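Please walk through this protein with its sequence and its fold side by side, moving from single residues to the core and then to a pocket.

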Amino acid sequence: VAGLVTAFGSGAMTNSIGEIADSTMLFVIGANPSEAHPVIAAKMRQARRKGAGLIVADPRRTELAAMADVWLRLNPGSDVALLNGLMHIIIRDELHDKDFIGHCTSGFDAVAETVKNYPPERVAEITGIKPALLEKAARLYGQAERAQIFYTLGITEHCWGTDNVLSIANLAMLTGNIGKPSSGVN
């Protein structure tokens, strides 16, 4: 897994729970906040009422998946391929934040080279997600003004859990969704 590197720290949450309600995009992957983190789920529902978009990547149809703009019902264990596919589309469609990448990160060329190998058709074979859904999710996340990613044990407790988390961090940095209010990785 190639990775972007940034000067921002690596705490459990990059932003406060209170900021969730002001996000414009919520991306939930490997998590079921409605059951495991009800306060965070309540803030997510509040953000939705304010018009925030919602992408849920989970093999199960959770409460949040049922209300999502896009439910990415991926094959278990295919998280890195999904995230690489989203980054592939974001770079291909020039939705990445070039200024943020240039000023706050290093390693972009390595990430771009890696995700070049994950076009939607290949990702569909690995994840079971139709290319049209992958495209829609990438556009929604890539165009969001203030996006937050939420993950928990559903992606960390794999032997490739570190790669999953690094890929999530790469996606957030690729779009400049680190270091500003109501954005980040949680």
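**From a helix to the core and a pocket**

In this predicted model, His 88 is part of helix 4, which spans residues 79–92. Is His 88 buried or exposed? Its relative accessibility is 13%, and because buried means under 20%, His 88 counts as buried. The side chain of His 88 reaches the backbone oxygen of Val 115 at 3.0 Å, and once neighbours within four places in sequence are left aside, His 88 is in contact with Val 115, Lys 116, Tyr 118, Pro 119 and Pro 120.

The helix that carries His 88 leads on to the nonpolar interior. The largest nonpolar core has 41 residues, and those with the most contacts inside it are Phe 27, Ile 29, Leu 82, Leu 86, Tyr 141 and Leu 171. Helix 4 gives the most to this core, contributing eight residues. Phe 27 shows how parts of the chain come together: apart from neighbours within four places in sequence, Phe 27 is in contact with Ile 55, Ala 57, Leu 83, Leu 86, Tyr 141, Gln 148, Ile 149, Phe 150 and Leu 171. A second core, separate from the largest one, has 15 residues, including Ile 40, Met 44, Ala 52 and Ala 68.

Turn next to a polar residue in a loop. Asn 177 is found between helix 10 (161–174) and strand 7 (184–185), and at 0% relative accessibility Asn 177 counts as buried. What does the side chain of Asn 177 reach? The partner is the backbone nitrogen of Ala 147, at 3.0 Å. Not counting residues up to four places away in sequence, Asn 177 touches Tyr 141, Glu 145, Arg 146, Ala 147, Ala 172, Ser 183 and Gly 184; Tyr 141 is also one of the residues with the most contacts inside the largest nonpolar core. Asn 177 and Ile 149 lie 28 residues apart in sequence, and their C-alpha atoms are 9.1 Å apart in space.

The last stop is the second largest pocket, with a volume of about 160 Å³. Eleven residues line this pocket, and the closest to its centre are His 37, Ile 40, Tyr 151, Thr 152 and Asn 186. Ile 40 links two parts of this account, as it is also included in the second core. Helix 2 (38–49) and strand 6 (147–151) each supply at least two residues of the lining. By character, the lining of the second largest pocket divides into eight nonpolar and three polar residues, with no charged ones.

How values were computed:
Residues numbered from 1 in each chain as written. Predicted model: local features only at pLDDT ≥ 70, side-chain atom pairs only at ≥ 80, totals over all residues. Heavy atoms only, no water. 1 Å grid on protein atoms, 1.4 Å probe; cavity = no way out; pocket = protein on both sides within 12 Å on 5 of 7 lines; lining within 4 Å. Points joined across faces, edges and corners; volume = space filled by probe spheres on them. Helix = DSSP H or I, 4+ residues; strand = E, 2+ residues; numbered from the N terminus. Nonpolar A, V, L, I, M, F, W, Y, C, P; charged D, E, K, R; others polar. Buried < 20%, exposed > 50% of the residue type's maximum accessible area, 1.4 Å probe, protein only. Polar contact = N/O pair within 3.5 Å; in protein donor to acceptor, adjacent residues only side chain to side chain. Contact = heavy atoms within 4.5 Å. Core = buried A, V, L, I, M, F, W, Y, C linked by side-chain atoms within 4.5 Å.
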